[in-house]
Each structure stands twice: as C-alpha cells, then as structure tokens.
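Biologist: Got a minute to walk me through this one? I'd like to get a feel for it before I go back to the bench.

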Amino acid sequence: MKEGKSDKILCILFCGCMSIFFIISLIKPQTGFSEFENRYLSQKPKFSVKEVFSGKYMEQYEAYITDQFPFRNHWITCKTLAERALLKSEINGIYFAKDQYYMERQKKSQLFAEQSERNQETLVSFIKQQQEELGAGHVSVMLVPTAACVLKDKLPLLAPEDGQEELLSKIEAMLPKDTWIDVYKELLLHKEEEIFYRTDHHWTTLGAFYAYKVWKEKQGQKMPLRENYKEVCLSDSFTGTLYAKVNVPMKPDQIIAFIKTGEVKVRLDMSEEWKDSLYFEERLSTRDQYAVFCDGNHAVTEIETSANNGKNLLIIKDSYAHCLAPFFTADFEKITMLDLRYYNGSIKSYIEEYQITDILVVYNLAGFTIDRYINKLIK
C-alpha cells in the first residue's frame, strides 16, 4: 500500500513539474540568439499540412522545443554530469579528450554527403576560373582540419575515423596545380603545441601562424619568424563554443595575439567609420571573446595597411580567417574578407570593381562541407 502511494506521489510530482515547464514554455518569449552558445536558436515553425506529412514539421518543432526549453543551460550541465558519471566520453557530439581538450565529433557520412560534393565542385570551378583571370600563384585554398583530426592521439579509445585526411587529399587532387595550401602536414608537426583551443572549435593564433608560414613558403617568400612578433595575451578567461555544448567547469583558454608593427585601418560592412586596430578589445567583455579578432562575423571586413605595394588580397572565409588575416598585413596593401553567409553581392563583380590581385579561400574543413552558401562563389 505504501509502495503504491509512493508511486502515485512520484507520478503527481513528475506531472506537476512537466506542467510547470509546459506553462513556462508557453508564456516565455522565444530567445532568438543564445549568447552563451554563440548561435541562433530554433524558432517555432509555421504549421503546414505539407510539412506535417513530410515529417519536417515535427523535426523542426522538436528542435524548437529543445532550443527554447526553460533553463536550458542548467539542464545541459545536469545532463553532462549524469552522462560523465556513466563514464561516457562523448556527450552532445563533443569528445572529452586527453589533456582537458573538448573536441567536436565529425561524422564521415556528413563530410562526404551531397552538400559537401556540391561545395567541392563549386570551389574547384571558382578556383579554376580565377586562376585563369589572375594568373598562377595568385589564387590559393586553405581548408583547415579540426582538432579531432590533427590531435587524434588525444581522442578517446575507439573513437571512429572521421575521414578528414581522405577528404583533404580528394580536394587537393581536384584543384588546379599550386593552388592548395597544405596546412595539415604543418599542423601535425606542431601537434604538441597549443594550436587549437581546448574549449572552442577554432584554431589558435599560433595554429594560424604556422598556416601563414606554409602560404609564405608556397609563394617562394622569406619565411616569417615567430620571434619577430610580440605575443600579447588578450584574455585568460576564454571558454568557447564546445564548452557551451557541455557546460561543465573547465580551465579557460588564453587568447593570444601576434602583433607586428605597422599601421592599419579597419572598416566593417562598408560603414563610414574606420578603426585603427585589428583587435576589438571591447569584445573581451562579451561571451564571444574570439570576436576580439576583427570584430567577428561581418559580410565585408576591409583592412588597409602601410605596405604600399599595390597588392590587394581577397579572403573568402569563415571565422577561421579572423586570427589569420593580421599576418597578411605585411604582404598586401589592402585585405578584404567576405563572408558568404552574409554577403549577397556578386563575387566576380567585387573582384573586378575592387581590382583584386590575389585570392585566398579559408575555411574550417568540417564547416566547409555543410556550408549552404558556397554556391555564391559562382553566382
């Protein structure tokens, strides 16, 4: 009898809690952007009979409920701690790797999916076209493997092969000769150094520096020396996107800038205001501290330097380019970064109008494979 009463009490408490959460979810305003996770959250989908029968409506509604669930961040923490107690080494797509690294799991099926194939074909077509226009040595591609590929020795036991090495080789073989910047081999040589953040999906400025060295070597130019830069710690309290997905205590990362003398001016999205620094230090007081580099994601970021050599570099990129771009200020009179997620103009027209002399495509490999905006390269 007592056991039956106990079961009833537990059932009533559970139903009561779920009712409370349901009511809160109804009256709570939708959150558009999660500063903690640094991403836009799913919104309530519009009802459509067609979407219901296709199954897409329920998928979208499930994503909406998950993203808008009350006290979401606290539930993420509780879920992570519970699963860690069960000795799980992968939670919410994040590996708990050696040396206190979080690493994002990449699925091989996604890296070689239809979207990835389309993006590869578009990239190759664009690079071939631009190499004909600008000439050999003026067009380059830099696709950067993730930490899970470069630092695979730190992955949990029996973590599956994700296929990044295979995909890098495939894309290199598709591209015209001398356009591929092989950063993978260089990063492997320095895998014992802090070339990736432990709590974030980006590479560090040190990782970007080694990639810049490969680009300089490919250009047949004098190799840069690390000692020629002043290394400045901009933050020692950085916890990035991977941390947000599991939300359990972790030693923060440092954000280091490699600074070299030389005047610069920076303009965002064609505004009238120019800033005299590549580092937006006010961003260090926000959740997205990585945005200290060039103020994060913008459709157009223009950098004017004191190089005075008539060379004009266009970087078509994702956020991996933000800590890389400062290294090129010694090589080009002007550097422009275009983010295809936000830029809707013609790339071909931009190249012609602004007299671009050199092009560099920079993407995180995993992000490149799923990017739905790569097709803008040839529109």
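Biologist: Let's start somewhere specific. Is methionine 270 buried, exposed or something in between?

Modeller: Methionine 270 is partly exposed, because its relative accessible area is 35% and the partly exposed class runs between 20% and 50%. Keep in mind that this is a predicted model.

Biologist: Where is the place of methionine 270?

Modeller: In the loop between β9 (264-268) and β10 (300-305). Its backbone is worth a look too: phi of methionine 270 is near 60°, a positive value in a residue other than glycine.

Biologist: Why point that out?

Modeller: Because most residues other than glycine have a negative phi.

Biologist: OK, and what is phi of asparagine 308?

Modeller: Near 55°, so again positive in a residue that isn't glycine. Asparagine 308 is in the loop between β10 and β11 (312-317). With 66% relative accessibility, asparagine 308 counts as exposed.

Biologist: Zooming out, how many helices and strands does the protein have?

Modeller: There are 13 helices and 13 strands. The protein has 379 residues, and 47% of them count as buried. If you take contacts between residues at least 6 apart in sequence, 69% join residues at least 24 apart.

Biologist: Now the inside. Which residues touch the most other members of the largest nonpolar core?

Modeller: Met142 and Trp203, in a core of 92 residues. Helix α10 (residues 205-218) gives the largest share of this core, eight residues.

Biologist: What does methionine 142 touch?

Modeller: Leaving out residues up to four places away in sequence, methionine 142 touches Ile181, Val183, Trp203, Ala211, Trp215, Leu324, Leu360, Val361, Val362 and Tyr363. There is also another core, apart from the largest one, with nine residues, including Ile91, Ile94, Phe96 and Met250.

Biologist: Switching to charges. How many salt bridges does the count come to?

Modeller: The count comes to 19. One of them pairs the side chains of lysine 170 and glutamate 117, at 3.4 Å from N to O. That pair links distant parts of the chain, 53 residues apart: lysine 170 sits in helix α8 (residues 164-174) and glutamate 117 in helix α6 (residues 114-134).

Biologist: Are those two buried or exposed?

Modeller: Neither, they fall in between. Lysine 170 is partly exposed at 29% relative accessible area, and glutamate 117 is partly exposed at 28%.

Biologist: What about lysine 152, which partner does it meet in a salt bridge?

Modeller: Glutamate 165, with 2.2 Å from N to O. Lysine 152 is in the loop between α7 (147-150) and α8, while glutamate 165 is in helix α8, 13 residues apart. Lysine 152 counts as partly exposed at 29% relative accessibility, and glutamate 165 is partly exposed as well, at 31%. There is a network here too: salt bridges link Lys152, Glu161 and Glu165.

Biologist: And arginine 341, what does it form a salt bridge with?

Modeller: With aspartate 339, the closest N and O atoms being 2.6 Å apart. Arginine 341 is partly exposed at 30% relative accessibility, whereas aspartate 339 is buried at 1%.

Biologist: On to empty space. What volume does the second largest pocket have?

Modeller: About 450 Å³. The second largest pocket is lined by 27 residues, and Tyr229, Lys260, Thr261, Thr329 and Ala330 lie nearest its centre. Its lining splits into 14 nonpolar, seven polar and six charged residues. Helix α10 and strand β8 (253-259) each supply at least two residues of that lining.

Biologist: How many cavities of 30 Å³ or more does the structure hold?

Modeller: Two. The second largest cavity has a volume of about 40 Å³.

Biologist: Which residues line the second largest cavity?

Modeller: Gly137, His138, Val139, Ser140, Trp215, Gln219, Leu313, Asp358 and Ile359. By class that makes four nonpolar, four polar and one charged. Strands β6 (139-144) and β13 (358-364) each supply at least two residues of this lining. Trp215 may ring a bell, since methionine 142 touches Trp215.

Biologist: Great, that gives me plenty to look at.

Notes:
Residues are numbered from 1 along each chain as its sequence is written. This is a predicted model: local features need pLDDT of at least 70, side-chain atom pairs count only at pLDDT 80 or more; totals for chains, interfaces and linings use all residues. Side-chain values use heavy atoms; hydrogens and water are left out. A nonpolar core is a set of buried Ala, Val, Leu, Ile, Met, Phe, Trp, Tyr and Cys residues joined through side-chain atoms within 4.5 Å. Buried means under 20% relative accessible area, exposed over 50%, partly exposed in between (1.4 Å probe, protein chains only). Helices (H or I, at least four residues) and strands (E, at least two) are DSSP runs, numbered from the N terminus. Contact means heavy atoms within 4.5 Å. A salt bridge is a side-chain nitrogen of Lys or Arg within 4 Å of a carboxyl oxygen of Asp or Glu. On a 1 Å grid over the protein atoms alone, a cavity is a set of points where a 1.4 Å probe fits but cannot get out, and a pocket is an open set with protein on both sides within 12 Å along at least five of seven lines; lining residues have an atom within 4 Å of a point. Grid points are joined across faces, edges and corners, and a volume is the space filled by probe spheres set on the points. Ala, Val, Leu, Ile, Met, Phe, Trp, Tyr, Cys and Pro count as nonpolar, Asp, Glu, Lys and Arg as charged, and the others, Gly among them, as polar.
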